[in-house]
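User: I should like to go through this structure and ask on what grounds its descriptive terms are applied. Please set each value against its criterion before concluding.

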Amino acid sequence: MAISALNDPQDQTATHEVLLEFPDNRLLIDLCGEYDRNLADIEQKLGVQIVRRGNQLSVMGEDSAREQAAGVLAALYDRLETGRSVESGDIDRELRMGPETDEAEPDGQLQMFRGGRVEIKTRKKLVEPRTEAQKAYVHSLFENELAFGIGPAGTGKTYLAVAVGVSMFITGHVDKIILSRPAVEAGEKLGYLPGDMKDKVDPYMQPLYDALNDFLPGKQLAKLIEDKRIEIAPLAFMRGRTLSNAFVVLDEAQNATTMQMKMFLTRLGEGSRMVITGDRTQIDLPRGVHSGLADAERLLKSIPKISFNYFTARDVVRHPLVAAIIEAYDADAQPA
């Protein structure tokens with residue numbers, strides 16, 4: 001792929017232009033997207049104009065935006081050359097993270113592509129961090145036996161934790177996956193709900209099922225759940241167990257009490273990894289009951305091999321409005 005800069009040196013008001021030439025027209029079609037939607041996405045987010053001329057793309061705009069857009073297009077084309085697809089999330093990641101430098105793999109479980117790219121392998125898809133905070137979090141999940149991911153909704157805390165768990169499971173580093181959540185809304189007393197115990201707890205566990213369905217084929221997932229190699233259960237069901245050779249995730253940990261958090265953390269057995277995720281701004285515990293996540297953060301920060309990773313509204317990878325909503329609530333919570 002060739003890149004050149006074009007402008008008229010005699011005309012100081014001329015709009016500078018970067019011209020990118022792509023040798024494979026089929027890949028260029030994929031780069032542009034259906035109805036050029038990928039180009040439109042980059043134009044809208046960077047304030048540039050991109051014009052297609054045969055097998056070339058002309059990028060026009062302010063210097064920094066133009067150069068950034070050219071870099072994003074080049075990186076996405078490189079991605080297509082390796083046989084991967086380009087989706088809106090990939091564009092978002094390139095815009096957020098930009099070019100990266102080479103770095104070593106933490107323990108051979110991460111697939112590092114050119115430019116220090118991190119990819120988590122699962123049965124159905126490759127998962128890539130889309131912000132620097134997500135990338136640091138993924139490294140922590142592989143490098144530490146106990147890791148905390150703390151931040152607002154939509155930042156990928158649970159999704160990435162489950163992806164890493166599936167990756168470690170299919171590569172044989174753990175024998176099972178255990179996913180848990182506090183069933184706070186029903187006070188952990190689910191007897192009044194209709195159906196058997198699975199029917200009672202499934203509504204609280206659905207986000208964990210959703211994540212697993214993204215990474216494992218449906219029949220395989222059902223078989224693994226049937227064989228109890230993947231378990232999804234409320235936090236109250238963890239008492240008395242020792243979780244060995246397992247990848248364990250506690251989601252929505254801000255709704256665990258201090259005693260529940262202590263109980264859960266002390267389930268950690270030999271050969272296991274444990275991830276605790278939560279959002280300190282969405283505590284649903286009764287008034288006067290302390291959040292176990294806050295206490296764990298205060299008590300465990302100085303212990304080696306326990307990592308804490310933090311996310312902000314800038315790391316939200318859902319709809320752009322989610323970040324704006326979070327920032328509005330955060331601003332309102334600040335003292336006048």
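**Grounds for the terms used**

Analyst: The protein chain holds 11 helices and 13 strands. The model is a predicted one. Of the 336 residues of the chain, 49% count as buried. Its accessible surface comes to about 17,100 Å², and 50% of that belongs to carbon and sulfur atoms. Among contacts between residues at least 6 apart in sequence, 67% join residues at least 24 apart.

User: Why is Gln254 called buried?

Analyst: Buried means under 20% relative accessible area. Gln254 has a relative accessible area of 1%, and it is therefore buried. Its place is in the loop between β11 (246–250) and α9 (258–265).

User: With which residues is Gln254 in contact, leaving aside its neighbours within four places in sequence?

Analyst: Gln254 is in contact with Thr277, Gly278, Asp279, Gln282, Ile283, Leu285, Ser291 and Leu293. Contact here means heavy atoms within 4.5 Å.

User: What makes the pairing of the Gln254 and Glu252 side chains a polar contact?

Analyst: A polar contact requires a pair of N or O atoms within 3.5 Å, one able to donate a hydrogen and the other to accept it. The side chains of Gln254 and Glu252 are joined by such a contact at 2.5 Å.

User: Why does Glu252 count as partly exposed?

Analyst: Partly exposed is the class between under 20% and over 50% relative accessible area. Glu252 stands at 25% relative accessibility and therefore counts as partly exposed. Glu252 also lies in the loop between β11 and α9.

User: What is the phi of Glu252?

Analyst: Phi of Glu252 is near 55°, a positive value in a residue other than glycine. Most residues other than glycine have a negative phi.

User: Where is Asp36, and what is its phi?

Analyst: Asp36 is placed in the loop between α1 (25–32) and α2 (37–46). Asp36 has a positive phi of about 60°, although it is not a glycine. Its relative accessibility is 34%, so Asp36 counts as partly exposed.

User: Why is α4 described as largely enclosed by the rest of the structure?

Analyst: The description rests on a count: 8 of the 10 residues of α4 are buried, so the helix is largely enclosed by the rest of the structure. The buried residues are Gly89, Asp90, Ile91, Asp92, Arg93, Glu94, Leu95 and Met97.

User: What is the volume of the largest pocket, and which residues are closest to its centre?

Analyst: The largest pocket has a volume of about 930 Å³. Of the 37 residues that line it, Arg130, Gly156, Tyr159, Leu160 and Val317 are the closest to its centre. Two or more lining residues come from each of α4 (88–97), β7 (126–127), α6 (157–170) and α7 (197–215). The largest share, 5 residues, comes from α7.

User: How do the lining residues of the largest pocket divide by type?

Analyst: The lining divides into 10 nonpolar, 11 polar and 16 charged residues. Asp, Glu, Lys and Arg are the residues that count as charged.

User: Why is Leu27 classed as buried?

Analyst: The cut-off is under 20% relative accessible area. Leu27 has 17%, and it is therefore buried. Leu27 has its place in helix α1. Beyond its neighbours within four places in sequence, Leu27 is in contact with Tyr77, Leu80 and Glu81. Its C-alpha is 9.9 Å from that of Leu76, and the two residues are 49 apart in sequence.

User: Is Ala233 buried or exposed, and on what value?

Analyst: Ala233 has a relative accessible area of 10% and is therefore buried. Ala233 lies in strand β10 (residues 230–234). Not counting residues up to four places away in sequence, Ala233 touches Leu179, Ser180, Arg181, Met205 and Met238.

User: What makes Ser244 partly exposed?

Analyst: Ser244 has a relative accessible area of 31%, and it is therefore partly exposed. Its place is in the loop between β10 and β11. Leaving aside neighbours within four places in sequence, Ser244 is in contact with Gly269, Glu270 and Ser272. The C-alpha atoms of Ser244 and Asp175 are separated by 8.6 Å, with their positions 69 residues apart along the chain taken as the distance apart.

Key
Residues numbered from 1 in each chain as written. Predicted model: local features only at pLDDT ≥ 70, side-chain atom pairs only at ≥ 80, totals over all residues. Heavy atoms only, no water. 1 Å grid on protein atoms, 1.4 Å probe; cavity = no way out; pocket = protein on both sides within 12 Å on 5 of 7 lines; lining within 4 Å. Points joined across faces, edges and corners; volume = space filled by probe spheres on them. Helix = DSSP H or I, 4+ residues; strand = E, 2+ residues; numbered from the N terminus. Buried < 20%, exposed > 50% of the residue type's maximum accessible area, 1.4 Å probe, protein only. Areas by Shrake-Rupley, 256 points an atom, 1.4 Å probe, with all protein chains shown as cover.
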